[in-house]
Each structure stands twice: as structure tokens, then as C-alpha cells.
Amino acid sequence: MLFLSSQQYSRGCFPSLIVISRLICCCAIVAFTLSCSSSAPSSTSVIEKKAHPDGHAPIGGSSDYQTSTSCKNCHANIYEQYAESMHGRSFENPIVKAIFFDVLLPSTRNSNALFEEVSACIACHSPLTFVRSGGDISSLPDEGDYIPGVDCDLCHTISGYEGSTPEGGNFISRPSVKKLGPFKYKDDHHRSYSELHTKSEFCAICHNRKNRYGLEIISTFSEWKESSYADKGIECQDCHMNIQGFLTAGEPVYESGTAAQGTLITSKERKKLYTHRFPGAHSESQVVGAIQLDIEIDESAVEAGKEMVIYVEVDNSKSGHKLPTGSAELRLLYLELVAEVGGRNVHIAANSLDKKRFDVSGKGKFDSKFIGKEILPGSRVYRAICVDPEGEQALFSFDAQKIIFDNRLEASEVRQEFFTFQVPDDIGQPFTLSASLKYLRYPGSLAEELGIEEAKPITLATVRKEVQLK
Ligand code: HEC
Ligand code: HEC
Ligand code: HEC
Ligand code: HEC
Ligand code: HEC
């Protein structure tokens, strides 16, 4: 444990120094397994008798959250999916740890204004650490410690959110043996129906965030609310918790089977189960197919030595929010168009439509510093540019005061891009145009600054087109 003394945070938003006690309920699994195998109401179990750290007996009786591995005993399939997702690793993620420990914490030594941001990071990225300390994070785990992410038990004990808007990690959760979920049948000792879990508001608790300047630096939920999907009642869960991670022909395709597996339990066969992989930018294979590209040209006008016009359609109609969404300060999406002419690849540059030229890589005033070698110069870039109070580009969410540029694809949008290409004089044969839409979680320059591994560009979509000469 690393103890941050109260002197370091002298203006004291979090005056008391407490130790986050880590209660690991080994006995809880045993007690629970026994009581769960029958459908009769349970008598008080071992865990229910334990005192809660803050002295109040929690609803349902359990004194601490159960580990995700304890759920694995009966929910093996869900556990396997969850283990692939970013939720379990939301703090054990090199870029999160590096920014938190190496950039943010050292700066709070001089500025108490940043301390609230520390608490916010923990609320969303390690909510168990947050609730176990009762929100008092003046003593934090050490950088080398394992820090839990968004665990099963945290999500399934969220009973609401503070205030009227779900955002900034404002969940209400207490340890409980009752797990809240989507099944609408008579409650038992283990579970109970929760409408919130079936709604986007549940996700919004962590997928919408205002920083210390009041800037909505993560606005995935707000973007969804303005989309046609919200009108149609298609929730985050319908896309992200179906098998594909998006809609196939406009409809979610769900898994079927039992929600729990085991010899001692009887679990109903269900037609509709929600997968827990939560595919996104981190999970390359699952997101392929969500975004589509198309190339259109007027073939009757393609001639050697003449300029031709190429249209590329970028179809974001399958996502329920902007693309890229989420951490506005980091995410980069870019379109590369290449002509493969006689064994050579000719990169076709995009025209800038923006005065400040932030929509084409290498042209904006911050690009020489921030956009590394990953993105070919002249590619169309879809991104938000965040700046700090000095007007410099901010790559840390807590420094961003304003978004000065934002051309990200809107939810449901099909954007048409327009390129021109000078067909070489000596071309002599048909050639191929190839367009790719790529995603980069964070720029290479940031990886270098933080000393972490570079993000691998992910190809979300590609399309090729053979061009015949006139
Ligand atoms: C990020 C929050 C989150 C995490 C983490 C999470 N779940 Fe869920 N889970 C949900 C939501 C939301 C639903 C309901 C989706 C709906 O109905 O729209 C759900 C549904 C379920 C269901 C009902 C069956 C089904 O598949 O629909 C079970 C059982 C379940 N979760 C168990 C688990 C277990 C076990 C883990 C960890 C291995 C886990 N969950 C991790 C949010 C989460
Ligand atoms: C002893 C076996 C067992 C263990 C261990 C277990 N569960 Fe369950 N769980 C079940 C069974 C059985 C169901 C009912 C499934 C159904 O109705 O289809 C269930 C249902 C659920 C539901 C659905 C709630 C609803 O009504 O919608 C959630 C959520 C859930 N479990 C979460 C968890 C979490 C989180 C853990 C770990 C902390 C866990 N479970 C551990 C057996 C278990
Ligand atoms: C209509 C389907 C749909 C809905 C509704 C939807 N999403 Fe998505 N989401 C997608 C698709 C498609 C992607 C893109 C996957 C990819 O990266 O190719 C995506 C990507 C994401 C990503 C990672 C992308 C990035 O840019 O880093 C997150 C996080 C996310 N969604 C969260 C949410 C949340 C939270 C909600 C609800 C407020 C939601 N989504 C609603 C389809 C949907
Ligand atoms: C308690 C907070 C919390 C809740 C509730 C929550 N998430 Fe997340 N989610 C996170 C965090 C934190 C990450 C980032 C993990 C990382 O990249 O380090 C994340 C990551 C994701 C990703 C992966 C993004 C990527 O780039 O690969 C998707 C998709 C996602 N969440 C969707 C959802 C959906 C849908 C819901 C609602 C059913 C939901 N989340 C509920 C905190 C939460
Ligand atoms: C409201 C909840 C919330 C708060 C507060 C929050 N985050 Fe996040 N963070 C997320 C979610 C959700 C994601 C993943 C999806 C996305 O990009 O929005 C994420 C993504 C990230 C990523 C990118 C991870 C990757 O693998 O690409 C970093 C880095 C990060 N957060 C750091 C921080 C730091 C540092 C703080 C505190 C200053 C913080 N976050 C505060 C919810 C939050």
C-alpha cells in the first residue's frame, strides 16, 4: 500500500487517512453454493453475519464484494466472456496505470484541483477500490499492486445512481448476496430483477464523464441519446451484449442456453442471454464487420493522364454513437486510400475541408508533435481535438478544457468522402483502388512519453475496387 499523507493533500477534500481493507470472502462461496442449490428461501448464511466495515449491516447481508472468480463456479460461460473483456482489466491496463500513477498523482502534489480527478478515475476504473474505501481514496494501492477493475459483483449490485443524471461513476452499490439482473421472475435469495440493468442509463454511469472543467470528455451516452437508436429503444446492451457486438440486419442476435452451469444447480434454458465480452476497440476480431466502406467512381471518365474523381462512403450506421466514441482526447480513426498501380502503391491524399486542417493527418498545427509515423500523411482523420487552458492540445483527459475541433462520425451517419487522383500517363492497364478505415487507441507519441507499448492500429474495414480504363 502506498500512503499518501494528508499533508500532501493539505486543502483536504479527503481529510481522513484510512486503510482500504481487503476482505476476501473465501467462505462466502461455500456458504453461497450451499444455499443457492435449492430454490427455498435461504436461512442466514455465514457471510450475512459478518459486520460491514462502516458498521452498518448491508442489504442482503454480505460484508464485502465477492470476487469474479467465485461467480465462475456457476457462471463459467459468462466468466470466460468477461475475462476477455476490458471491464475486468480497466485498471490493470498499462496506459491507465501510467497516466494515473506517473502523470496525475505526481501533479496532485502541487494542485488540489486535480485531486477530484483522482477520485473520479478510481470510481470508474476501479469501482471496488472506491466503494471499499467509502469514497475516501486518500490511501491508495501502490502502482505495483493488483488493482481490481469493473468486477461482476460491482455491476450486479448497482441499485441506482446519485442525483438525476447517470455519469462520472456515480453508482450506488453495497455488497449484497442479492445479484441484480435482467430476469423477471420471482426474486430469490441470490437474485432480483433490476430494470436499470436493461437500460443504457446503467452504462452511462461510467460511459459519460465531465472533467474538472465541466467538459464532457466521454459522451458516449449523450451521443446515443441523440441518436435514432435511442428513439427506437435500442439500448447499449442490445448491441454490445449480443453475440456480434453490433446489429446484424438491424437486429441483435442473442446467445441461448443456461445462465448458470453446474451439477448441483438447475438453471432454466433461455432463448436470450447477454454476452459479456463487450467488444470494442481492444478486441480486434469482434468489431470487424461493424463499419462498412464503399468506393464509387465514374468508370466512363477514367483516362490515362487525366484526373479522376473517387468517392468513398464511410458507413457508421451500425453504431449507436459517434465513432470514435469515448475518451475524446485519445482516439483516432483514419481513412487511407491507395491506388495500386503496376506494383506500386500510390497514397491518395484527402482534401482538407477544415480551416485549421485538423481533418487531414500531418496538416494540423499540433500534428508534428502528436501524430507519429503510424498514420500516412494526408489521410482523412476523424477525431476530436482537445485543448488545455493555454490552447495546447491536451492528451490527458483532466487537462482538457475545450474541444476545438470534432469531425467524428455521428451515430448512424454515412459520410461521403471525395478524392481526386491524377491517373499516370503510362498506366496502360487496369488498376486497383483500396480504402481502409483504421483505428488507433492513442497516438504513438503518447506511448513514447509514457514508456508504454504503442497501440496497434486496428483495421475496422477495407474495400477494393478494380478500375478499368476508358
Ligand atoms: C459492466 C457491468 C457488468 C459486468 C462487469 C458483468 N455483468 Fe453480468 N450483466 C450486466 C448487464 C447490464 C446484464 C443484463 C443485460 C440486459 O438485460 O440488457 C447482465 C446479465 C447477467 C446475467 C443474466 C444472464 C445473461 O447472460 O443475460 C448473469 C447471470 C450475469 N450477468 C452474471 C455476470 C457474471 C458472473 C459476471 C462476471 C464474470 C458479470 N455478469 C459481469 C452487466 C455486467
Ligand atoms: C452456486 C451457483 C452460483 C454462483 C456461485 C453464482 N450464481 Fe448467479 N445465478 C445462479 C443461478 C442458478 C441463477 C439463475 C439463472 C436463471 O434464472 O436462468 C443465477 C442468476 C444470476 C443473475 C441473474 C439475476 C436476474 O434475476 O436477472 C445474476 C446477475 C447473477 N447470477 C450474478 C452472479 C454473480 C455476480 C456471482 C458471483 C458474485 C454469482 N452470480 C454466483 C447460480 C450461481
Ligand atoms: C446500434 C448499435 C450500438 C449501440 C446502441 C451502441 N453501440 Fe457502442 N459500438 C457499436 C459499434 C458498431 C461499435 C464499433 C465497433 C468497432 O470499433 O468497430 C461500438 C463501439 C463502442 C465502444 C468502443 C469504441 C471506441 O471508439 O473506442 C464503446 C466504449 C461503446 N461502443 C460503448 C457504448 C455505450 C456505452 C452505448 C450506450 C450508451 C453504446 N455503445 C451503444 C454499436 C453500438
Ligand atoms: C462501473 C463502470 C462501468 C460500467 C457500469 C460499464 N462500463 Fe464499460 N467500461 C468501463 C471502463 C472503465 C472501461 C475501460 C476499460 C479500459 O479500456 O481500460 C470500459 C470499457 C468498455 C468497452 C470496451 C471499449 C473498448 O475500447 O474496447 C465497452 C464496449 C463497454 N465498456 C461497454 C459497456 C456497456 C455496454 C455497459 C452497460 C451495459 C458498460 N460498459 C458499463 C466502465 C464501466
Ligand atoms: C465516468 C467514468 C470514467 C472516469 C471518471 C474516468 N474514466 Fe477513463 N475510461 C472510462 C471508460 C468507460 C473508458 C473506455 C471507453 C472510452 O474510451 O471511453 C475509459 C478509457 C480510458 C483510457 C484509455 C484506455 C485504453 O486502453 O485505450 C485511459 C488512459 C483512461 N480512461 C484514463 C483515465 C484516467 C487517468 C482517469 C482519471 C483522471 C479516468 N480515466 C477517469 C471511464 C472513465
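Helix α5 bends by about 30° at F100. The structure discussed here is a predicted model. Despite the bend at F100, α5, with its 15 residues, reaches 20 Å from its first C-alpha to its last, close to the 21 Å expected at 1.5 Å a residue.

**Ligand 5**

Helix α5 (94-108) is one of the elements that give two or more residues to the shell around ligand 5; the others are α6 (115-125) and α9. Of these helices, α6 gives the most to that shell, with 6 residues. The shell around ligand 5 holds 25 residues, of which C121, C124, R209, G326 and S327 come nearest. Two domains take part: domain 1 (2-209) and domain 2 (285-467) each supply at least three residues to the shell around ligand 5.

Helix α9, a contributor to this shell, spans residues 200-207 and is mostly covered, with 8 of its 8 residues buried. Among the buried residues of α9 are E201 and H207, as well as F202, C203 and I205.

**Ligands 1 and 2**

The shell around ligand 1 has 22 residues, and C152, C155, P182, Q237 and Y274 come nearest to the ligand. Elements giving two or more residues to this shell are α3 (68-72), α4 (76-84) and α8 (152-155). The largest share comes from α4, with 3 residues.

Around ligand 2 there are 26 residues, and those that come nearest are C71, C74, G181, F183 and R191. Here the elements with two or more residues in the shell are α1 (26-36), α3, α8, β5 (179-181) and β6 (191-193). Helix α1 gives the most to the shell around ligand 2, with 3 residues. Helices α3 and α8 thus appear in the lists for both ligand 1 and ligand 2.

The table sets out the residue classes in the three shells.

| Shell | Nonpolar | Polar | Charged |
|---|---|---|---|
| Ligand 1 | 13 residues | 9 residues | no residues |
| Ligand 2 | 11 residues | 10 residues | 5 residues |
| Ligand 5 | 14 residues | 8 residues | 3 residues |

The shell around ligand 1 has no charged residues, whereas the shell around ligand 2 has 5 and the shell around ligand 5 has 3.

**Strand pairing**

Strand β19 (residues 431-440) pairs with two strands, β13 and β20. With β13 (residues 332-341), strand β19 is joined by 9 bridges and runs antiparallel. Within this pair, T432 in β19 stands opposite E340. With β20 (residues 458-467), the pairing of β19 is likewise antiparallel, over 9 bridges. L437 has A461 in β20 as its bridge partner. In a regular strand, side chains alternate between the two faces of the sheet.

A further antiparallel pair consists of β7 (residues 208-210) and β8 (residues 216-219), with 3 bridges between the strands. One of the facing pairs is N208 and S219, the latter in β8. Strands β7 and β8 form a hairpin with 5 residues between them. In the turn of this hairpin, G214 has a positive phi of about 80°. R209, which lies within the residue range of β7, is one of the residues that come nearest to ligand 5.

Note on methods
Residues numbered from 1 in each chain as written. Chains lettered and ligands numbered in written order. Predicted model: local features only at pLDDT ≥ 70, side-chain atom pairs only at ≥ 80, totals over all residues. Buried ≥ 20, exposed ≤ 12 C-beta atoms within 10 Å, placed from the backbone. Helix = DSSP H or I, 4+ residues; strand = E, 2+ residues; numbered from the N terminus. Near = placed C-beta within 6 Å. Nonpolar A, V, L, I, M, F, W, Y, C, P; charged D, E, K, R; others polar. Domains from an automatic or database assignment. Expected span 1.5 Å × (residues − 1). Bend = angle between axes of the 7 residues up to and from the residue. Pairing = 2+ DSSP bridges.
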